[in-house]
Every structure is written in C-alpha cells, then in structure tokens.
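Me: Please take one part of this model and go through it closely, giving the cut-offs behind each term as you use them.

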Amino acid sequence: MTRRIKSLQLRLTVELAALFFVASCLAVGGLIYSAAMTAGSLADRELGLRAEDLARYVSQDEQQKPRVELPPPLKQAYSEAAHQSLFAIRDKDGQLIEASTPEIGALTARWPQADTEPSYFRLSKFGPLERDYSGVSIRLDSAAGPLSVLVAEVSGGNQLVHSILREFVFDIAWYVPPFVALALLLATLSVRRSLLPLRAASAQASAIGPGSIALRLPEADVPTEALPLVVAVNHALDRLEQGFVIQRRFTANAAHELRTPLTIITARLDTLEGNGQLSALREEVARMNRLVEQLLCVARLDSLALDVSSPVDLHQLAEEVVGSIAHLALSACRTIALTGADYPVLVIGNPGAIADALRNLIENALAHTPPESEVVVEVGPEGTISVQDSGPGIPAEDRPHIFERFWRGKGVRTNGAGLGLAIVMEIVRAHGASITVTERVPRGARFDLRFGTA
C-alpha cells in the first residue's frame, strides 16, 4: 500500500517537481526534434542551392549542344577522388550531359525526368566506397534549356547540420537543468508563501481556549479553497462562545441567588443556641457561603477583563488579608504569620484580584496544615509573595493538575470544592504573573507568586 505524503507543502513540491521534470523532458525533446527538422531543412535547402549553382554553369557550345563548365573549386568538390558529393545533369530529352561519376550517370539514365518540385531520395551502399547518400532531383531552367539536375551528399557528412545539433545539445541543452531547478525553487517558495495564511490561522487556533473564546481564525488572505473551512470553524466557535456565555451567566446567577438565602440562614443560626449539631450546621453553611463566593469569583474572571494597571502595595495587601483571615486560623487551632519585607513593595495589578488569590492560597494552606502548626506568608522585595504550609506536601504527579477546576487529589479530605487554586491560576494569567510550587523541608508545600514591579 502506497504511503501518502501528509504534508500539503511537500506534496505540492513533489508534484511540481514531477511536472517540471516531465515538462522539461518534453521541451528538450521537442526542441531537439525541431532542431533536427530545421537542420534537415537546411540540408535540403543546401542541396537545392547546389543544384541551382550547377544549372548556372550549363551553356551551349558552337553546335548548340549543352555543356557544363565548372570552375576548378567546384570541380574539385565533385571529383571522383572525393566521392563526398555527386551530381548528374540531363537535358530536356533525358540525355546525360555531365555526371560526377559513371555510376551516378548510369543510375540516373534510368530515372524519369525530374519535376519542377524537388524530389528527395536516399542511396544506400552506393558507389565503390559503399556510402549512403541523400540527394535531390529537380527540373531547372538554364542557358541550354530545361535540365534535370541531381545532387547528392554523403549522409551525415554535412558539417553545418552536425555543428548545429552539437551546439544545441551540448551548449543550449545544459541551460535546461539550472532553469528547471530555479523554477522549482521559485515554485516551492510560492507554495510556502501561499500557505502562510493557513499557518497564521493554525497559530491563532492554538491560542483559543476557555479564557480566550472570543478569538477567531483570520479570514484575510486565506486561499479560496481553505476559506470555507476557516469560516465554518469560526461559526462553530461563535456557537461555542454563546454556549460558554450562557453557562457562565447561569453559574453567576445561581451563585448570586444562593447568597441571599445563605446569608439569612447564617444570620438566624447565629441567633440560635444549641448543641454541637448546630455548630456543625453553622460550619456547613459557612462552607456553602465560601463555595458561592468562589463560584461568583470564577464567573467574574470568566466574563470580565480585569484591570491590571493599578499600583498595588503587596506588603499592605498581605497585612489586610492576613488580618482578615487570622480568626479563621485561630478557630481551627492554627497560627498564621506575616514575614519578609516590612516596607511597601509596589507591583502593577488589580488589588482585589491579588487579594482573592492570596486569600485562596492561605485558605488552602490552612486546610492542609495540621493543628498546632503555622502558615507563613512572606512578601519579597522583588514583587513576590509566598504562602508556606506544614502539610503533607504535593506529590510530583499531582502538580500539573492542582490548578484545574474541581480537581482534588486522591485521598485528600478537605471541605473545599477544588476551585481555590483554579481561581489563583486565572488571576495569575490575567496579570501575566507566574506561580511556582516547591516542596518544603522537612514537610509542606510552598507557593510563590511573582508579579511585575511598578
């Protein structure tokens, strides 16, 4: 089974190479055939001119009989010693006037009278040297009246014909391969240039994701053959974007509608006195409140573009977040500490979003840190902020998945829904920042956020 070439550029290049090769072979063959025909025509024309030349040297003597008086050079050319060229001249009655050799004279004596139209012939193994001759027989007017003139030349002996063929085959034909190679190179560059819009569309398609569903494939300069596919993909993306918008609107509306009843339930529970079951109920409601807040945060990040151009003091922001969440740490028998730079550390970003990211990291650390342990928040002078816990750490195989929505590791028992770290990653991407996860010694995990400094 023949294996097809999957690359369109390579396939077009191979097909063009085959086309150029066949076309060049046909062109060279046609040119050689045309040159041979032209050379043959020149040879025939030369024989006709020789016949006319011989007719000019025929005149009448005193007895009114035709005679041939050839100049010495022409006589030498037709001498018996050369046997390169032959001729025979007959009068209007068919009587032989002159012949270069007795053999040609005897041969032509049996031939019919020539016509005004040239008649070409070949003589095989003729004469004492048994050569092949090509000749012409034609009727011409002369001073002695109408004549039948026959002129023959050794086949292949015409130096002009051979020189023309040699010059073409050995000189002109050598220009064909470089020309074909240049044409193929230009064709390859043209194919590559024609496919550039498709490469641009592919690069654009690779950038489309849940966070950039508004992007569309460029339709400008796309080849006509590929335009229907690009248009169909863009229409499919329009439908997907509409579906995403509906889903996000539903999530935001549902979370918003849940906030009010949950707030009422929380307020009423705070006014009641009861046993441990009531405390457990308060914890569940608090967890639901946190889940609703996270869902609203996710909906905002998905639907709105964050303004990340404001100056933010990481030290002040960390103080506020740590202060607001300290009571949660104490109620869970854990402690939280703020270390690092004790002076303003300015970065460019969105203060509310950065605070949400830091709050989610701290809540995640508190959830995995055992009781009587400490969570450390550290602000670095280079625009970094880190959160360190003393939990079991994160296995290496789980690290690529911890920022996925609703993902929870195997055997992990927490009350979270798996949205906290996903929110952190969305905020990091919106700021063009970076986040790294490392193992602490002897145990625990460390999350480092790095923002652009002001």
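Reply: What follows is a description of one open sheet and the helices that pack on it.

This is a predicted model, in which local features need pLDDT of at least 70 and side-chain atom pairs count only at pLDDT 80 or more, while totals for chains, interfaces and linings use all residues. Residues are numbered from 1 along each chain as its sequence is written, and side-chain values use heavy atoms, with hydrogens and water left out.

The sheet is open and has 5 strands in the order β9-β11-β12-β14-β13, with mixed pairing; here strands (E, at least two residues) and helices (H or I, at least four) are DSSP runs numbered from the N terminus, and two strands pair if DSSP finds at least two bridges between them. At its edges lie β9 (335-340) and β13 (434-439), each of which pairs on one side only. Neighbouring strands are turned against each other by 15 degrees on average, direction ignored, where axes are lines fitted to C-alpha atoms, for helices over the stretch in contact, and angles run from 0 to 180 degrees between N-to-C directions.

Within the sheet, β11 (residues 374-380) and β12 (residues 384-388) run antiparallel and are joined by 5 bridges, and Val376 has Gln388 in β12 as its bridge partner. Helix α10 (residues 351-368) packs on the sheet, touching β9, β11, β12 and β14 (445-450), with contact meaning heavy atoms within 4.5 Å, and its direction makes about 20 degrees with that of β12. Helix α11 (residues 420-431) also packs on the sheet, where it touches β13 and β14, and its direction makes about 135 degrees with that of β13.
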